Amino acid sequence: MERSSRADLVSAWGIGIGVGLITLQITWLITNRLASLVWGPPVGPTIAFTTAILVGIVVSVIAGRRLARSTRH
């Protein structure tokens, strides 16, 4: 593996993780607002943050794989 292709691969995964973190923050804000209307203080934020973590991880993996795949071509 060449140095430039390895750097591109690391960059692609870094960008994928960044996209996942932004998604986590936006999901947390929206889900927390909606969950607070349905459940009380201890349950609502816990459900909102758990949902945001799961969505953030999924988006990170999808974005990272897609960008890593595009660097190979």
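Thr51 is found in helix α2, and in this predicted model it makes a convenient place from which to start. With a relative accessible area of 31%, Thr51 is partly exposed, because that value falls between the 20% limit for buried residues and the 50% limit for exposed ones. Although Thr51 and Asn32 stand 19 residues apart along the chain, their C-alpha atoms are separated by 9.5 Å.

The helix that holds Thr51 can be followed from end to end. Helix α2 covers residues 43–71, a run of 29 residues, and from its first C-alpha to its last it reaches 42 Å, which is close to the 42 Å expected at 1.5 Å a residue. Along α2, the residues Gly44, Ala48, Ala52, Gly56, Ser60, Ala63, Gly64 and Ala68 are buried. The spacing of such a list can be read against a general property of the fold element: an α-helix has 3.6 residues a turn, so residues three or four places apart point the same way.

Two of these buried residues also appear in pairs with residues of helix α1. Gly18, whose place is in helix α1, lies 46 residues from Gly64 in sequence, yet the two are 9.5 Å apart in space, C-alpha to C-alpha. Gly18 itself counts as partly exposed, because its relative accessibility is 27%, whereas Gly64 is buried. Leu34, also placed in helix α1, is 10 residues from Gly44 in sequence and 8.4 Å from Gly44 in space, again taken from C-alpha to C-alpha. Here Leu34 counts as exposed, since its relative accessibility of 51% is over the 50% limit, while Gly44 is buried.

Leu34 leads on to the surface, where it belongs to a nonpolar patch of about 1,000 Å² made by Ile22, Ile26, Leu29, Ile30, Leu34, Leu37, Val38, Trp39, Val43 and Ile47. Both α1, which spans residues 3–38, and α2 supply at least two residues of this patch, but the largest share, seven residues, comes from α1. Ile22, one of the residues that make the patch, lies in helix α1.

A surface patch of another kind involves charge. Arg65, Arg66, Arg69 and Arg72 gather on the surface in a patch of positive charge. Of these, Arg66 is found in helix α2, and it counts as exposed because its relative accessibility is 58%, over the 50% that the term requires. Helix α2 therefore holds residues in each of the three classes, with Gly64 among the buried ones, Thr51 partly exposed and Arg66 exposed.

Note on methods
Residues are numbered from 1 along each chain as its sequence is written. This is a predicted model: local features need pLDDT of at least 70, side-chain atom pairs count only at pLDDT 80 or more; totals for chains, interfaces and linings use all residues. Side-chain values use heavy atoms; hydrogens and water are left out. Helices (H or I, at least four residues) and strands (E, at least two) are DSSP runs, numbered from the N terminus. The expected span of a helix is 1.5 Å times one less than its number of residues. Buried means under 20% relative accessible area, exposed over 50%, partly exposed in between (1.4 Å probe, protein chains only). Patches are made of residues with over 30% relative accessible area and no salt bridge: like charges are joined within 9 Å, nonpolar side chains (Val, Leu, Ile, Met, Phe, Trp, Tyr) within 5 Å. Accessible areas come from the Shrake-Rupley method with a 1.4 Å probe; for residues, only the protein chains shown count as cover. A salt bridge is a side-chain nitrogen of Lys or Arg within 4 Å of a carboxyl oxygen of Asp or Glu. Lys and Arg count as positive and Asp and Glu as negative; His and the chain ends are not counted. The place of a charge is taken as NZ of Lys, CZ of Arg, CG of Asp or CD of Glu.
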